[in-house]
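User: I should like to understand the terms used to describe this structure. Could each be set against its definition?

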Amino acid sequence: MHLVSHPDEVKVVSKRFGKGATDLDRYLALDGYKAVQKALGMQPDGIINEVKNSGLRGRGGAGFNTGLKWSFVPKQSAKPKYILCNGDESEPGTCKDRLIFEHDPHAVIEGVVIAGLAVGSHTGYIYIRGEYRYLSNLMQKAIKDAYARGLLGKNIFGSGYDFDVYWHGGAGAYEVGEESALMESLEGKRGIPRIRPPFPAVVGLWGGPTVINNAETLASVPHIILGGAEWYSNLGTPKNGGTRLFCLSGHLNRPGVYELPMGYNLKKMIYEVGGGIPNRKKLKAVVPGGSSTPVLTADEIDAPMDFDSLMKAGSMLGSGGVVVLDETTCIVKFALRTMKFYRHESCGWCIPCREGTDWLEKTLIRLHAGGGLKKDIDNILYLSENMLGRTFCPLGDAAAMPTIAFVKKFRKEFEDHLEARPCAFEAAGSVERLPVMA
Amino acid sequence: MRFSDEFEGRFSEMLSHYPTKRSVLVPTLLYAQDEVGYLSDEVIAELATRLDLTELEVRNVISYYSMLTTKARGKYNVQVCTNISCMLRGAEEIFEHCKKRLGVGPHGTTPDNLFSLEEVECIGACSWAPAVQVNYDFHENLTVDKMDQLFDECKKEGTQLRNL
Ligand SMILES: Cc1cc2nc3c(=O)[nH]c(=O)nc-3n(C[C@H](O)[C@H](O)[C@H](O)COP(=O)(O)O)c2cc1C
Ligand code: SF4
Ligand code: FES
């Protein structure tokens, strides 16, 4: 039911979706574990260079070059090194890792093993959010099957190299997707982030060097090893190699997860791949990369979807969640729901984020209900701008950046809510009107 | 305190996966909660002893994670996502309908202990919105009618189980 298809798709990570690859024999028949075998015959630096040159950039949100990240791991280390797959997937608008775990769990395992070979690690963990219980079950079975065949454990493929892969489960927390909070959670603690430096590549899990990558990033790696850096890189644009899973949601005729080349035009993505806006409504705005990324207006969508182009457009490619808003959407309400999320998920460790998200939510509630003053709008900007760069982890920025964009790009709509005028987008009487506070 | 054999098997296997005992804590709490229904004082004391932690340390972790609870929930925990992608496709209407039909507010449980209701953040079903999780099962592309069917099925199943 989750699978859709469009002629413009280039299926790499999704190529085994719907083909029964959760079954190990099927997976092996579909070129499964060939990449690990190939990597076992390569030098660690050779693997790192291949991944570096492929232009693969982290699919978790920040878009850091994956091979480069691996190269930061010290060659010699007294403490064990670890690979940690981030499957906490909780960024609103994002539902792609779920499909990878559901259809191709062995590809993630393979990616973890190859990352291990590249940096000289012998242990990997695959962290899956608690809500995805059925996927944790699938992963547990996949790991067990791989052990039973000698693909994991001692002396994999008779190479003399030992590699263990373990699953791990969360229990509901967006913040735990942040890499250092993820390690805390895996160590059995509250997900409070760690100070950096030192970065996880040097001091990570239990003090050992740790590579943390998103599930889609790792699932892309086996394809790069088999197909080669040049092939993968050429699928995308010069500094943005390959393809990625775009999660199309919101006001679209054909929402779904589509695998498209990096640099695919956003307008085409909405109108052709996603089938356009239902009921002949007009497009109002697009959140291009999950809830943390600044909104684009309808005039700004003729842009290639890659990390650098979106940065240039004042937004971010983020996690691949493309959320489409039609003209009937109230931006104030959308900003409010977004802020409610960050307020709920703030771990409370640092004051600008803990207090800032709370004030912002309260201000937005009042504004949306017609109880706002003109100075509230400036206050929203003032608060958000003062959170930027002043929080302990990037969640504070993730809350502030989209808010600033909502106000700056749709200021008129915020003003229309002022002076006891409750939201014009809601049916009359459905929003309880709040008094204007002097 | 007794857990199922499945729980114990998984627990001892997991302990062998990490250099420290406490690393098993978060997933273990969730599995324990699934067996007992909630994280009772007894469960907390038991896990604290097994993992060489204080009960306070365990409670500290519990309070951080949104799926973990120290209070009993209904047999069917209805978790309605109202985050952005779902909101755009009618999640509020679904949530309002659930409140009305069950006669409870957020975090409420029906008097027969069959249903409890929660408003949750994104559950990773954005492209198939609006979406709800009932316990661990996903229900997607929902309408109010489909939601009603779902309630009817749960109710039927729940009553049958009770009459066994
Ligand atoms: C608040 C917050 C939540 C995050 N959630 C996730 C997540 O759910 N999954 C993920 O892969 N990365 C998430 N990230 C990004 C990770 O910190 C990290 O950059 C990423 O896992 C690195 O993998 P990559 O280089 O393959 O993208 C999050 C970051 C922040 C600040
Ligand atoms: S920015 Fe927010 S989530 Fe990050 S450490 Fe501070 S309070 Fe916690
Ligand atoms: S926003 Fe509801 S599932 Fe993602």
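Analyst: Helices are DSSP runs of H or I with at least four residues, strands are runs of E with at least two, and both are numbered from the N terminus. On that basis, the elements of chain B run α-α-α-α-β-α-α-β-β-β-α from the N terminus on, and they come to seven helices and four strands. This is a predicted model, in which local features need pLDDT of at least 70 and side-chain atom pairs count only at pLDDT 80 or more, while totals for chains, interfaces and linings use all residues. Residues are numbered from 1 along each chain as its sequence is written, and chains are lettered from A and ligands numbered from 1 in the order in which they are written.

User: What makes a residue of chain B count as buried?

Analyst: A residue is buried if 20 or more other C-beta atoms, placed from the backbone, lie within 10 Å of its own; it is exposed if there are 12 or fewer, and partly exposed in between. Of the 164 residues of chain B, 38% count as buried.

User: Which residues count as being in contact, and how many does each chain give where chain B touches chain A?

Analyst: Two residues are in contact if their C-beta atoms, placed from the backbone, lie within 7 Å. The contact takes 34 residues from chain B and 48 residues from chain A. On the side of chain B, the largest share, five residues, comes from α2(B).

User: Why are 22 residues of that side of chain B called nonpolar?

Analyst: Ala, Val, Leu, Ile, Met, Phe, Trp, Tyr, Cys and Pro count as nonpolar, Asp, Glu, Lys and Arg as charged, and the others, Gly among them, as polar. The side of chain B that touches chain A therefore divides into 22 nonpolar, ten polar and two charged residues.

User: What angle do the axes of α15(A) and α16(A) make, and how is it defined?

Analyst: Axes are lines fitted to C-alpha atoms, for helices over the stretch in contact, and angles run from 0 to 180 degrees between N-to-C directions. The axes of α15 (residues 374–387) and α16 (residues 395–409) of chain A cross at roughly 145 degrees and come within 8 Å. Among the residues that meet are I377(A) and I380(A) of α15(A), and A399(A) and I404(A) of α16(A). The residues of this contact comprise eight nonpolar, three polar and one charged.

User: Which residues come nearest to ligand 2?

Analyst: A residue is near a molecule if its C-beta atom, placed from the backbone, lies within 6 Å of it. Of the 14 residues around ligand 2, C347(A), C350(A), C353(A), T391(A) and C393(A) come nearest. By class, this shell has eight nonpolar, four polar and two charged residues.
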